[in-house]
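Open the model in your viewer and keep the sequence panel in sight. The stops below each begin with a selection.

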Amino acid sequence: MYSATRNVGRRPRYLMRAVTIALAALSLANPGIASSTDEHPSQPRAARWVDSSPSSIELGKATFGLCIGCHGDEATGRIGIGPRIASKSYLAAATDDFLMQTIKGGRIGTAMVPWGAILNDEQIRGLIAYLRSLQPVDQAALDESKLEGDATKGERIFRNICTGCHGRSGAGYQETANGTGIGRRAFLDSATDGFIRYIVGQGKSQTKMRGFGAGNVTAVANLSAQEIDDTIVYLRANAW
Ligand code: HEC
Ligand code: HEC
């Protein structure tokens, strides 16, 4: 009886050790996953290189059936579940490489899984062609100049303006926010500075994400180009 009590008393300690080991293994595994997407993408190819023939669009439309549950019919979005993709300013700023990487690699840590495990490249190119066909728009000229800014100022801007919709740590939907997880590595590693500058300045059309660029009449707050850069510096320095 005595020993049985001791055994009962011991069990949690073993359990706790097993949990500690499992946690250590996880934290070892995580940087490995992050580092494979660590490199900051430059734009190696033309912004638009995906074939947009009618047959590719058709294939994409059929494949998009897998996406509708979260992204809505014709990619108009389902707030808090899947972002709108059929947005003119969004598709103007997004390069084919960015869309390819986002769909293939997913957004680790969110409901957006890596579809590269399920779909082949032809289907993913078809999806890009289909998404572009929903909101035809010319590629925007992105400002990819070197990012320089003040993370402390950026943090203040992020806390004052962005957290309300993107969450305090930028986790997005998982913080019951209505904006996406812009503080996450999975997003920041796939998006260039030029893309983020453009979306923050011009907004994401057809969504609640207004443009914050100076002179934007519908903006809640006007940010100078330097303030937008400060915010991006802060997000990049705190990516998780
Ligand atoms: C289970 C829900 C779910 C499904 C199914 C899904 N997605 Fe997503 N998708 C999301 C979420 C959530 C995000 C935003 C994650 C974040 O960054 O916070 C996202 C982000 C995206 C983005 C980036 C858009 C943006 O504004 O951040 C693209 C492009 C995209 N998904 C395409 C697709 C395609 C194509 C499919 C089908 C093959 C698909 N998704 C299926 C949930 C889903
Ligand atoms: C009024 C709410 C609101 C505020 C304030 C806001 N956002 Fe957004 N933001 C959104 C929504 C909503 C989306 C698009 C989500 C969707 O399509 O479902 C978005 C999208 C974005 C995107 C595109 C991300 C992606 O996944 O493609 C970026 C970048 C972004 N916001 C940055 C910012 C920054 C930086 C600030 C602060 C200066 C900010 N936002 C303030 C609501 C907001």
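**Stop 1: helix 7 and helix 10**

Select helix 7 and helix 10 (residues 225-237): the two pack at an angle of about 95°, and their axes lie 7 Å apart. Angles of 65 to 115 degrees count as roughly perpendicular, so helix 7 is roughly perpendicular to helix 10. This is a predicted model.

Now show the side chains at the contact. On helix 7, pick Ala-151, Lys-153, Gly-154, Glu-155, Ile-157 and Phe-158. On helix 10, the partners to pick are Glu-227, Asp-230, Thr-231, Val-233, Tyr-234 and Ala-237. Colour this contact by residue class, and the residues divide into 6 nonpolar, 2 polar and 4 charged.

**Stop 2: the shell around ligand 2**

Keep helix 7 on display and add ligand 2. Which residues come nearest to ligand 2? Of the 24 residues around the ligand, they are Pro-83, Cys-162, Cys-165, Gly-179 and Met-209. Two elements, helix 7 (151-166) and helix 9 (193-202), give two or more residues to this shell. The largest share, 6 residues, comes from helix 7.

Colour the shell by class as well: 13 of its residues are nonpolar, 8 polar and 3 charged. Then colour by domain. Domain 1 (54-134) and domain 2 (151-237) each supply at least three residues to the shell around ligand 2.

**Stop 3: helix 5**

Move to helix 5, residues 96-105, and select its buried positions: Asp-96, Asp-97, Leu-99, Met-100, Thr-102 and Ile-103. Why look at the spacing of such positions along a helix? An α-helix has 3.6 residues a turn, so residues three or four places apart point the same way.

What do the buried residues of helix 5 pack against? Add helix 6 (121-134) to the selection, since that is the element they pack against. Then step just past the end of helix 5 to Gly-106, where the backbone takes a positive phi of about 65°.

**Stop 4: the whole chain**

Clear the selection and show the full cartoon. How many helices and strands are there? The protein has 10 helices and 0 strands, and along the sequence it reads α-α-α-α-α-α-α-α-α-α.

Colour by burial next: buried residues make up 35% of the 240 residues. Last, draw the contacts with a sequence separation of 6 or more. Residues 24 or more positions apart account for 67% of these.

Notes. Residues numbered from 1 in each chain as written. Chains lettered and ligands numbered in written order. Predicted model: local features only at pLDDT ≥ 70, side-chain atom pairs only at ≥ 80, totals over all residues. Buried ≥ 20, exposed ≤ 12 C-beta atoms within 10 Å, placed from the backbone. Helix = DSSP H or I, 4+ residues; strand = E, 2+ residues; numbered from the N terminus. Contact = placed C-beta atoms within 7 Å. Near = placed C-beta within 6 Å. Nonpolar A, V, L, I, M, F, W, Y, C, P; charged D, E, K, R; others polar. Domains from an automatic or database assignment. Axes fitted to C-alpha atoms, helices over the stretch in contact; angles between N-to-C directions. Parallel < 35°, antiparallel > 145°, perpendicular 65-115°, else oblique.
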